[in-house]
Amino acid sequence: MAVCVAVIAKENYPLYIRSTPMENELKFHYMVHTSLDVVDEKISAMGKALVDQRELYLGLLYPTEDYKVYGYVTNSKVKFVMVVDSSNTALRDNEIRSMFRKLHNSYTDVMCNPFYNPGDRIQSRAFDNMVTSMMIQVC
Amino acid sequence: MPPPGICYHPLSSLLEFQGASFLRLCSLFLAPSILRDTLNMSPTQWDFPVELCCRPMAFVTLTGLDVVYNAVHRAVWDAFCANRRADRVPISFKVLPGDHEYPKCRSKRTSYEWYIPKGILKTGWMNKHLNLVPALVVVFYELDWDEPQWKEKQSECATRVEIVRQSLLGRNTKVAVVLIQKKTPLPPGEDVIASERAAALCDACELSGKSLFVLPHTDHLVGYIIRLENAFYEHAQTYYYTEIRRVKSHKEFLNKTTHQLLFVRHQFKIAFFSELKQDTQNALKNYRTAYNLVHELRAHETNILEIKTMAGFINYKICRLCFQHNTPLDAIAQFRKHIDLCKKKIGSAELSFEHAAWMSKQFQAFGDLFDEAIKLGLTAIQTQNPGFYYQQAAYYAQERKQHAKALCNHDASVMYPSPDPLETQTGALDFYGQRSWRQGTLSFDPSDPEKEKVGILAIQLKERSVVHSEIIITLLSNAVAQFKKYKCPRMKSHLMVQMGEEYYYAKDYTKALKLLDYVMCDYRSEGWWTLLTSILTTALKCSYLMAQLKDYITYSLELLGRASTLKDDQKSRIEKNLINVLMNESPDPEPDCDVLAVKTAQKLWADRVSLAGSNVFTVGVQDFVPFVQCKAKFHTPSFHVDVPVQFDIYLKADCPHPIRFSKLCVSFNNQEYNQFCTLEEASKASEVLENLTQGKMCLVPGKTRKLLFKFVAKTEDVGKKIEITSVDLVLGSETGRCVVLSWQGGGGDAASSQEALQAARSFKRRPKLPDNEVHWDSIIIQSSTMIISRVPNISVHLRHEPPALTNEMYCLVVTVQSHEKTQIRDVKLTAGLKPGQDANLTQKTHVTLCGTELCDESYPALLTDIPVGDLRPGEQLEKKIYVRCGTIGSRMFLVYVSYLINTTVEEKEIICRCHKDETVTIETVFPFDVAVKFVSMKFEHLERVYADIPFLLMADLLSASPWALTLVSSELRLAPSVMAVDQLESHVDQVVLQTGESASECFCLQCPSAGNLEGGVATGHYIISWKRTSAMENIPVISTVITLPHVIVENIPLHVNADLPSFGRVRESLPVKYHLQNKTNLVQDVEISVEPSDAFMFSGLKQIRLRILPGTEQEMLYNFYPLMAGYQPLPSLSISLLRFPNFTNQLLRRFIPTSIFVKPQGRLADDASIAAA
């Protein structure tokens, strides 16, 4: 169960960011923003790898005392960042991966919408619902 | 390792900022108040004791050294303590008097049965073994082996040793004696007295031989000292070894129920002694055991602090040793385990800030250890560096602050309890981590609840005086320095925001503002509007509290803008405040500000209002996102100079309420236009809120306001670009306070480029708007325009007869007709080769106005600015231009006509220069093709000619011109190697050649001698003078020179020519004379024969062999008698030269005729007619 899900544009501005309403929203915004440091570094490190061999899942970006931040980057350099509660040990790497894959699929659906202008903030109900399911579902 | 009591200060870490930012931040941190306080910060309760953090070294005391008055002793001491580098054994030395009282050893316990420990570790224990109880006491004594008063000296020495032993009664401390001697000792065994006396001394002092040393006071002092200290080190190690054994031996007496604390204590002591022994592996092992034991202790609210304190100490030691062993991952794992175990052990809820403080310290200490390890060569990575630990430490420090705020908000009337429950008799605690008011109490229930309450109150009141912000800022700045090092710019920015906010809480608004202002642009440039809004809100509070006008206005402008995520009610409030400020009034305070600070601020604002002076603030908007957007757009990318330049300024406000501006000025690269593009309305400041929706000067939120400007461009600017350099919008009145929003170029701020990109990508259909309104996104900035000249109203025609012929004076007739309504002046014509073509064309093209003479190289390819005069309306003029093209090919010719005309634009008279150009491509061709060939006298083609033998030169001229050509004359100019046989006169004078016609002429020539040259000899030039038949009389004749081909000239040994009539007649004698000339210097043997022919009978020598002398000629005479009429072959003459076998009959046939026309026999009466034929 994720506590925060974010989609970041290629230019590193947020396209979508949602966090659990119980907690300080700003904190998660900062957390996602700072995690881009690691994403940038990882992307530049794998820049040399062949495109088709590239792993989209970036793994654990950095751990904080209370949360774990995971990253994922699409081939068009759109980043997905997910914040997970550290205490939630049920979430293994594989679950996180599949959550990201789901997110990616849903994002692709958004992109396929002819009325969506790439680079605009995502305001799709379907995407919203998918994120909601991710944030409450206990894996 | 810095002393743990002194934290890293922001200055040291932030000094690394580079460039401009460094300068800004430097001034920020040089502000003295916090700097001084931080540096002088005394170790707090939470800092680790010095003895824990230092590296334990064997403790050895030196006695009997008088380092003050005795130079020898001084030198010995210096040698011990100077230059203690890593290669020297780790000993800490101390000089003490011989009768020094060492700490008393308590009597050894024989049984632990009834012993109940009062705590885990005594506070003095580590210091005692580091600095008070030596592993070895060395007694220095000056004594030579040949000392005359040996007995006395020996007993004095023994006494000294005895005194030391007395003082160390009950301890295992070793004693050693060093004799300082003046003489260099003999090699061992040679000095009999020495060994005897040494043995005696050992007996007297009850020393083993291994503990007696001799130190000769000679040149090699340092060498002796090093050997000595190595020996001391061995003794010390033995001492610590026995200590470890001694502590271990206690274990068997312990039981798990009552002695749990002792298990930890003993394990810690073993580990600590191992460290003193420099056995770090075993130390680490024992610390780990101790760590596990400490967590096995039964924890309760009363002892949780003691457990955590000890766990923290042991954890520190373990992490330190792990880093020292270069196993950083072990250190990190241990630390994580430590934190996970202790995180939840909060203890008393009333003192929860203590837990946060302890947690903060754990992280900070680990960060320090990590950083220290990096300085010693460890490499850290982006995701695992000390910064994270400092950051977490700061986080716990913030938590501490919050807890403290919640728990320590006692009324001012609450007095600090007296007597102070935190005071102890000794001034310090007996055991680490215990409460001063119930030291040594093991009971889990506070024996005296009242005392407990007072104690807690005392701690809470003390916590109130802690400056938390200072601690937080220090930790944050440590973290910033680390993240900067490990490429985490965003993390760095985030921490700086936190620092700024902490300064804000600490009421240091100047620093807060500087930090926030510094990082704002990072968030702005990446488009994180939520974060930017949050930072701006804090910044606005700071600027309000300091009454910083310009900052206040700037932040308000941005918080009202589209990048701000504030709710409308907040925006309304800010807008209202902004309008108040612009009207020279004080704004309302920002919400959630400190009440006292607000009071101060209100006073400051009141002062600002009364203060006159410069109140114009210019804000460059390109670096932020203000609430007014601006776009400038010229109507077209270019304007003719005779029409007014028009452009629109579009303005849009994003604030919740309409706002009025007082002035709009547009600046251009040519500042003379600025005056025409200023919009100003004389409005009083009080009217700002009235008349809101009317008038141009009012911006209605969400609506795009279009303002049209026009001006007349200057004629000097024709061909130049007019650019808008800035658009300035003035809010407020210039008499009161006003802010000038200045857009660079044609508008646009920090966010607009991205928005424009998105708008361009979008294919969303925009809803239809009324005619006079436009969609903001659909406006594209056009900030520059070109001024181009007025459209000409004349016609330019070219008349000519293409193609041009090479070298002729080609006539181009230019007709210019004016269609203007008024007279045009200063008409100028530029004509010629269009520039920018092949450079060779420029060399070979010449233009002139005068067609009567041929122009040469000196004439230019382009005639510029030929004045033509004035033209009245409808009038036309004609100008002839002659072009001479030296080479064939196509050329572009330009005819450019410019003129001046007076015209009016917007009731303004201007003089415009207009111009019109025409280009024409003209092909140049050769007028005719000339073919020249050499033929023999028989008109047979010649490959080569023979010396002295005449030949013919044939010249054929084929007209290639589409126009008739008149060949005026032709001339053959021979080279010296060729001679004309007869008169050279032209046969083609005044011949007119139509297209495709040709003219030929031939000349008889001969070469006097054979050329030796490989390529033959030059024959000369053929010059044809010609002109177009249509050309007028005064047009000069063109001479075309054709270089004749070279010809190969050969010598021939024998030349034969025949003299014979042009025709014969049947049955009439035909005399033929053959001349044979010997052209060589040799006597030639010649065989001549004549073959009979059916058509002839002949008389003469049929076959003969003769000799011809050099240079002479032989004649052969024959009489042919034709038998048949018609074209008959002559009896063929064949000649063979014995010396020249190459001379064949074939060659011969070139010179002599092989046949002749024979006429039939006529009647005599027809003689006259025959003669005519």
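**Note on the predicted model: chain B and its contact with chain A**

1. Over residues 1077–1135 of chain B, in this predicted model, the chain is 0% helix and 61% strand, with its end C-alpha atoms 12 Å apart; helices (H or I, at least four residues) and strands (E, at least two) are DSSP runs, numbered from the N terminus. An unreviewed UniProt entry annotates residues 1077–1135 of chain B as "domain: Trafficking protein particle complex subunit 11 C-terminal", and such annotations may be inferred rather than shown by experiment.

2. Local features need pLDDT of at least 70 and side-chain atom pairs count only at pLDDT 80 or more, while totals for chains, interfaces and linings use all residues. Residues are numbered from 1 along each chain as its sequence is written, chains are lettered from A in the order in which they are written, and side-chain values use heavy atoms, without hydrogens and water.

3. The contact (heavy atoms within 4.5 Å) draws 31 residues from chain B and 27 residues from chain A. Together the two chains bury about 2600 Å², of which 53% is on carbon and sulfur atoms; this is the accessible area (1.4 Å probe) lost on putting the two parts together, summed over both.

4. Between chain B and chain A there are 5 salt bridges, each a side-chain nitrogen of Lys or Arg within 4 Å of a carboxyl oxygen of Asp or Glu. B:Arg490 forms a salt bridge with A:Asp37, where the closest N and O atoms are 3.1 Å apart.

5. Helices giving two or more residues to the side of chain B that touches chain A include H13 (328–342), H15 (386–407) and H18 (489–505) of chain B. H18(B) gives the most, with 5 residues.
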